[in-house]
Amino acid sequence: MKKLITIERHFAEEQKLHPQATGELTDLLYDVAFAAKLVRREVVRAGLADILGMAGTTNVQGEEVKKLDLFANEKIINAIGQHGRFALMGSEENEGTIIPPKNENGRYVLLFDPLDGSSNIDVNVSVGTIFSIYRLTGDDPRKADIKDCLQKGSEQVAAGYVIYGSSVMMVYTTGHGVHGFTYDPTIGEFLLSHENITIPARGKYYSINEGSRKQLHDSTLAFIGWLKEEDAETGRPYSTRYIGSLVADFHRNLLTGGVFVYPATKTHRNGKLRLMYEANPLAFICEQAGGRATDGKQRILDIDPSELHQRTPLYIGSRDDVMTAEAFEQGER
Ligand code: AHG
Ligand code: MN
Ligand code: MN
């Protein structure tokens, strides 16, 4: 019988690898897993509760907000904020930083995308939640401010995502490998199902929205053209897999190999995806699994942030596939 390891037990084991975190890391991650269970409960029955459809508002990104975006956002802020372990939060759905209800003992910052893949909510396609955890730059939570949210991705203490799909999984790293947990609704626990996930150096899938071909730079089109050529030796042509939920496309590529690209285009010079709560957490996970994540030139984790909602081009997934994409983008091929 396979050992049943709950995610909380795993957090406690991970904790021993971080002597300086004095027990808080386990609590932080526990809070996130608990919030994920609350969001899951609604996502899996979204069609029944009155949380489908538009909330009738637009968010700071200028995007139409779905009720489930707001629901997930509120659940995460309240479920996590009540324990006071986070001094500050930043969410895709909130323009400014969020001071949790209790934060006097908080020494960490939580940045998150409460519901990733919003366009897929009403059509029962996998969506996700993405989170990123930093330590405060100072030691007084009352002095926590935006600069604590604008640290390089390489400073992350932990990062992870939840994917609400045919099964619900939570995947996280604290810098000691990537581990996946599958939710068992019969016992209400996330159980270890994918220990030490590693991503193949090359994949067979590529993910990019080719609907925007007209806006793509020639260098990006050249990369896509290369992927489509017939060449058995290099496993080409690759197959297209593009779900429209970053978490779902990333998760598939993480497990089977592949490359996800949301590039700079002629109309969006920094692409669409957000650095702090989409690219950075997934880049931390991807590198921990042996993959690569860049903006076409530099490591995502090395980007020095200037704004909470800043966007970045994103090339993420199998190491060799990302390097091939970069070679095309830099005109070396
Ligand atoms: P969000 O729902 O949090 O705004 O994220 C949506 C993102 C990402 O999940 C997905 O990969 C991408 O938007 C799809 O964008 P396009 O529809 O432009 O391809
Ligand atoms: Mn998103
Ligand atoms: Mn979102």
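Where does Asn124 lie? Asn124 sits in the loop between E4 and strand E5 (127-135), and we'll come back to its backbone below. This is a predicted model. The main stop on the tour is a pair of manganese ions, ligand 2 and ligand 3, which are 3.7 Å apart and are both coordinated by Asp113. After that come the nonpolar cores, a buried aspartate, some backbone oddities and the surface.

**The manganese ion (ligand 2)**

- Three protein residues act as donors here: Asp113 (OD), Asp116 (OD) and Glu278 (OE), at 1.9 to 2.1 Å from the ion.
- Read along the chain, the donors of ligand 2 give the spacing D-x2-D-x161-E.
- Distant parts of the chain are linked this way, with Asp113 coming from strand E4 (residues 108-116) and Glu278 from helix H7 (residues 275-288), 165 residues apart.
- Asp113 and Glu278 are both buried.

**The manganese ion (ligand 3)**

- Ligand 3 is coordinated by Glu92 (OE), Asp113 (OD) and Leu115 (O), at 2.0 to 2.3 Å.
- The sequence spacing of the donor residues for this ion is E-x20-D-x1-L.
- Glu92 and Leu115 also link distant parts of the chain: Glu92 is in the loop between strand E3 (86-91) and E4, Leu115 is in strand E4, and 23 residues separate them.
- Glu92 counts as buried because its relative accessibility is 4%, under the 20% cut-off.
- Leu115 has a relative accessibility of 1%, so it counts as buried too.
- As for the bridge between the two sites, that's Asp113, which joins ligand 3 to ligand 2 across 3.7 Å.

**Nonpolar cores**

- As a general rule, nonpolar side chains in soluble globular proteins tend to be buried together.
- The largest nonpolar core here has 44 residues, and the members touching the most others are Leu110, Phe131, Ile133 and Met170.
- Helix H2 (residues 24-43) supplies the largest share of this core, with ten residues.
- Which residues is Leu110 in contact with, leaving aside its neighbours within four places in sequence? The list runs Val32, Ile76, Ile80, Phe86, Leu88, Met89, Gly90, Phe131, Ser132 and Ile133.
- There's also a second, separate core of 42 residues, which includes Tyr134, Ala159, Val247 and Ala248.

**A buried aspartate in helix H2**

- Asp31 is located in helix H2.
- Is Asp31 buried or exposed? With a relative accessibility of 0%, Asp31 counts as buried.
- Setting aside neighbours within four places in sequence, the contacts of Asp31 are Ile80, His83 and Arg85.

**Backbone oddities**

- For background, most residues other than glycine have a negative phi, and most peptide bonds are trans.
- Going from Arg236 to Pro237, the peptide bond is cis, and its omega is near 10°.
- You'll find Pro237 in the loop between helix H5 (218-228) and strand E11 (239-240).
- Back to Asn124: this residue isn't a glycine, yet its phi is positive, near 60°.
- Asn124 counts as exposed because its relative accessible area is 77%, over the 50% cut-off.
- Asn196 is another residue other than glycine with a positive phi, in this case near 45°.
- The loop holding Asn196 runs between strand E9 (189-194) and strand E10 (205-207).
- Asn196 has a relative accessibility of 46%, so it counts as partly exposed.

**Surface and chain end**

- Val123, Val125 and Ile243 make a nonpolar surface patch of about 210 Å².
- Of these, Ile243 belongs to the loop between E11 and helix H6 (246-256).
- Ile243 counts as partly exposed, because its relative accessibility is 35%.
- Gly331 is found in the segment after helix H8 (319-329).
- The relative accessible area of Gly331 is 59%, so this residue is exposed.
- How many residues apart in sequence are Gly331 and Ala79? They are 252 residues apart, and their C-alpha atoms are 48 Å apart in space.

Definitions and conventions. Residues are numbered from 1 along each chain as its sequence is written. Chains are lettered from A and ligands numbered from 1 in the order in which they are written. This is a predicted model: local features need pLDDT of at least 70, side-chain atom pairs count only at pLDDT 80 or more; totals for chains, interfaces and linings use all residues. Side-chain values use heavy atoms; hydrogens and water are left out. Donors are N, O and S atoms within 2.8 Å of the metal (3.2 Å for Na, K and Ca); water is not among the atoms, so sites may look incomplete. Helices (H or I, at least four residues) and strands (E, at least two) are DSSP runs, numbered from the N terminus. Buried means under 20% relative accessible area, exposed over 50%, partly exposed in between (1.4 Å probe, protein chains only). Patches are made of residues with over 30% relative accessible area and no salt bridge: like charges are joined within 9 Å, nonpolar side chains (Val, Leu, Ile, Met, Phe, Trp, Tyr) within 5 Å. Accessible areas come from the Shrake-Rupley method with a 1.4 Å probe; for residues, only the protein chains shown count as cover. A salt bridge is a side-chain nitrogen of Lys or Arg within 4 Å of a carboxyl oxygen of Asp or Glu. A nonpolar core is a set of buried Ala, Val, Leu, Ile, Met, Phe, Trp, Tyr and Cys residues joined through side-chain atoms within 4.5 Å. Contact means heavy atoms within 4.5 Å.
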